[in-house]
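Subject: Structure handover

Hello,

Here is the structure we spoke about, with the sequence. My notes on it follow below.

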Amino acid sequence: MFARLALCSQLPSRTRRGHDVCAASIIIRTFSQAKFSLPRPHGKSFAHRSELKQAKRIVVKLGSAVVTRGDECGLALGRLASIVEQVAVLQNQGREMMIVTSGAVAFGKQRLRHEILLSQSVRQALHSGQNQLKEMSVPVLEARACAAAGQSGLMALYEAMFTQYSICTAQILVTNLDFHDEQKRRNLNSTLHELLRMNIVPIINTNDAVVPPPVPNSDLQGVISIKDNDSLAARLAVEMKADLLIALSDVQGLYDSPPGTDDAKLIDIFYPGDQQSVTYGTKSRVGIGGMEAKVKAALWALQGGTSVVIANGTDPKVTGHVITDIVEGKKVGTFFSEVKPAGPTVEQQTEMARHAGRTLASLLPEQREEIICCLAELLTERKEEILTANRKDMELASATGFLPQPLINRLSLSTSKLNSLAIGLRQLAVASRDSVGRVLRRTRVANNLELEQITVPIGVLLVIFESRPDCLPQVSALAIASGNALLLKGGKEASNTNKILHQLTQEALSIHGVSDAIQLVSTREEVEDLCRLDKMIDLIIPRGSSQLVRDIQRAAKGIPVLGHSEGVCHVYIDADASIDKALDIVKDSKCDYPAACNAMETLLIHRDLLRTPMFDQIIDMLRQEHVKIHAGPRFASYLTFSPSEVKSLRTEYGDLECCIEVVDGMQDAVDHIHKYGSSHTDVIVTENEETAEQFLQQVDSACVFWNASSRFADGYRFGLGAEVGISTARIHARGPVGLEGLLTTKWVLRGEGQTVSDFSEQGSMKYLHENIPVPQGGFR
């Protein structure tokens with residue numbers, strides 16, 4: 001036995017200069033001979049959000065609503081601290097950060113109000129001669145005086161916050177004239193470049209303490225004039241050739257109509273020329289700009305080569321990571337881009353799918369059956385096109401070397417796989433006749449008042465899968481049969497195969513005019529961004545690695561996720577097991593398709609079998625199949641020279657590897673499964689019927705088998721035709737999820753003018769609540 005076992009067995013961080021943490025206050029007025037760098041006249045901005053990770057020089061504009069408290073008197077310190085932390089993180093990554101900030105007026109108002117109230121109370125105490133002070137009033141404070149009083153305090157606050165991250169800051173106050181006067185522009189440009197060179201974060205604000213003389217309206221000359229901090233941030237970003245401008249406000253981004261109005265939709269990506277499709281509302285509670293001013297400034301910056309994102313800096317749910325999320329390319333706020341995608345956005349695809357899905361659900365069962373049968377025929381008739389596309393994906397996957405072997409195995413298609421798919425789809429087509437609109441229950445609530453419970457589609461499904469192109473026609477057929485709209489997001493490693501399979505699916509759907517009901521998301525949408533579409537997607541179904549499923553479960557906000565995170569399946573060999581059955585079941589469960597989620601990962605052996613021919617034959621078989629064995633802690637303790645000890649008893653290998661562990665009996669096996677299993681599929685091999693029945697009743701998994709391979713846990717093998725996956729959840733659907741798992745119900749009440757008051761104590765009607773038999777195959 002021992003001999004047999006032996007044979008089986010982000011941007012780099014920038015080095016800081018040696019200067020002390022400091023703060024500098026600079027007003028651009030002095031003469032400088034430094035060479036002036038012209039702004040990029042027509043620089044190239046980033047075309048896609050994912051490219052924002054490359055941004056080196058970033059301007060963060062903090063609007064008045066972001067910096068100030070709700071009472072407009074004082075600063076929102078907690079919010080400001082989280083923003084400073086994010087800027088510090090990016091600065092320490094080696095990026096060059098600049099801040100354009102509001103807040104001096106609000107901070108100064110708070111200080112002046114305090115001083116006035118204090119002064120009034122002292123005067124009253126000295127001159128009134130009474131113990132009771134009169135009610136004091138604060139005069140209206142002039143904004144320029146507030147700005148003058150608040151600038152130093154605001155800067156001191158920034159300095160104190162950035163000091164916590166060992167970052168030096170410098171204050172720069174500017175006016176419109178500093179950009180119109182050539183010499184002052186040179187001074188400003190030179191100063192900012194020198195500060196960035198020294199790894200200092202410039203903090204810039206308009207000098208609101210002075211009123212600049214009127215200047216020509218330079219907007220007419222193709223240059224934006226400085227009217228507010230939005231235009232200041234845009235002008236500064238272009239002058240400094242910044243890669244990205246992040247404008248934080250008190251709204252999620254740009255909406256097509258004023259936020260809060262009916263049907264107002266957040267615009268994910270805004271393109272030049274889209275202005276006519278937007279209706280602007282009023283400006284925020286503070287500040288002098290508004291969304292229209294922000295868009296104008298953003299488009300001007302975009303034309304100058306700087307990418308722009310307008311996002312919410314006040315929402316407590318996102319404030320702590322809004323800036324870093326934007327730089328990481330996540331879908332936050334509104335991204336301004338000059339490059340329009342060739343196809344629809346994912347939001348548009350979802351709307352198209354929902355609209356066509358409603359038509360799909362209203363088709364006759366025979367029509368949906370016809371679509372599925374057509375797709376089955378296309379899989380076999382056009383198999384050469386499919387296999388050619390699949391070979392391209394396989395060659396690319398092998399050439400890059402990034403995909404592990406289990407995923408490459410899942411990526412591969414063959415003629416036999418396509419034939420099996422076609423057979424499964426035809427089974428599903430027959431089952432689809434008894435799906436949408438089926439009457440589950442009928443009740444006579446009262447005379448002439450009847451209630452029905454009928455099956456209806458869930459709505460819009462999002463299925464995210466990796467390295468499993470055969471998943472696409474399976475899931476598509478299930479969506480068609482259940483009348484659901486469907487969004488598909490496949491891995492890029494199968495892009496060629498997915499493309500041809502989706503084309504065939506739409507070809508089949510087109511025979512009844514519903515080709516838009518199933519959409520393939522081919523844009524650069526991140527999975528996390530798709531999981532945020534909670535108002536558009538009704539159910540997410542992940543198909544892939546346990547890591548993918550866990551990531552989706554974490555990212556999904558407000559959208560149910562159907563699936564399992566791991567497939568840690570067990571086969572328990574009981575003391576009363578048949579040797580032939582044990583060998584066949586263990587071999588099939590582990591070696592038939594090791595990458596499948598229903599493959600055996602842990603083999604549990606009754607301790608009485610350790611030194612028996614059965615055990616030796618199992619080890620020999622695994623060795624011949626090149627299965628690497630990991631010893632569980634208890635199994636290792638029985639051996640002098642054991643295989644490598646398992647790191648975790650909860651491991652899903654997905655390859656020709658497994659763990660072997662020893663248990664005392666059936667009950668010990670059940671306890672082990674409950675502790676280390678994933679509630680997927682677990683098997684007992686025994687000839688003892690009583691032991692088997694106890695195992696089947698006690699094991700709390702989605703699938704529990706007696707004397708059968710774990711590989712039977714599959715929708716096709718269960719006769720469901722196809723499956724969207726195997727669910728280990730406790731509600732809705734469990735085990736292989738086929739057609740029934742993609743349906744929900746609604747209640748339909750038919751009456752003749754009855755009201756609830758008719759059934760009150762003084763009413764004339766009584767509840768009956770009589771069950772009405774539902775005829776077989778009853779449909780509405």
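The cysteines come first. The sulfur of C597 has its closest cysteine sulfur in C569, 6.8 Å away, which is too far for a bond. C658 is likewise in no disulfide: the nearest cysteine sulfur belongs to C659 and lies 7.3 Å away. A search of the whole structure returns 0 disulfides, where a pair of sulfur atoms would have to be within 2.5 Å to count. Please keep in mind that this is a predicted model.

Next, the sheets. One is an open sheet of 4 strands in the order β24-β11-β10-β25, and its pairing is antiparallel. Its edge strands are β24 (743-750) and β25, each of which pairs on one side only.

Going through this sheet pair by pair:

- β11 and β24 are antiparallel and share 8 bridges. The bridge partner of P457 in β24 is L743.
- β10 (residues 439-446) and β11 (residues 449-457) are antiparallel, with 6 bridges. Here A446 stands opposite L449 of β11.
- β10 and β25 (residues 770-771) run antiparallel and are joined by 2 bridges. In this pair R444 stands opposite E770 of β25.

β10 and β11 form a hairpin with 2 residues between the strands, and N448 in this hairpin takes a positive phi near 60°. If you check backbone torsions, N448 is the residue to look up for that positive phi.

There is also an open sheet of 4 strands with parallel pairing, in the order β14-β13-β12-β15. The edge strands in this case are β14 (518-520) and β15 (539-543), and each pairs on one side only. From one strand to the next, the twist averages 20°. Helix α11 (residues 346-362) packs on this sheet and touches β12, β13 (485-490) and β14. The direction of α11 makes about 145° with that of β13.

Within the parallel sheet, β12 (residues 460-465) pairs with β15 over 5 bridges, in the parallel sense. I464 has P542 of β15 standing opposite. Helix α19 (residues 546-555) lies across these strands, β12 and β15, and runs at about 160° to β15.

What holds paired strands together in either arrangement? Strands of a sheet pair through backbone hydrogen bonds, parallel or antiparallel.

The last item is a helix pair. The axes of α3 (residues 77-92) and α5 (residues 143-163) come within 10 Å and cross at roughly 50°. That angle makes α3 oblique to α5. The crossing in which α3 passes α5 is right-handed.

Which residues make the contact? From α3 they are L77, L80, A81, V84, V87 and A88, and from α5 they are L157, Y158, M161 and F162. By class, the contact of α3 with α5 has 10 nonpolar residues, with no polar and no charged ones.

To recap for your own notes: the search gives 0 disulfides, one 4-stranded open sheet has antiparallel pairing, another has parallel pairing, and α3 and α5 cross at roughly 50°.

Regards

Key:
Residues are numbered from 1 along each chain as its sequence is written. This is a predicted model: local features need pLDDT of at least 70, side-chain atom pairs count only at pLDDT 80 or more; totals for chains, interfaces and linings use all residues. Side-chain values use heavy atoms; hydrogens and water are left out. Axes are lines fitted to C-alpha atoms, for helices over the stretch in contact, and angles run from 0 to 180 degrees between N-to-C directions. Angles under 35 degrees count as roughly parallel, over 145 as roughly antiparallel, 65 to 115 as roughly perpendicular and the rest as oblique. A crossing is left-handed if the near helix is turned anticlockwise from the far one by less than a right angle, and right-handed if clockwise. Contact means heavy atoms within 4.5 Å. Ala, Val, Leu, Ile, Met, Phe, Trp, Tyr, Cys and Pro count as nonpolar, Asp, Glu, Lys and Arg as charged, and the others, Gly among them, as polar. Two strands pair if DSSP finds at least two bridges between them.
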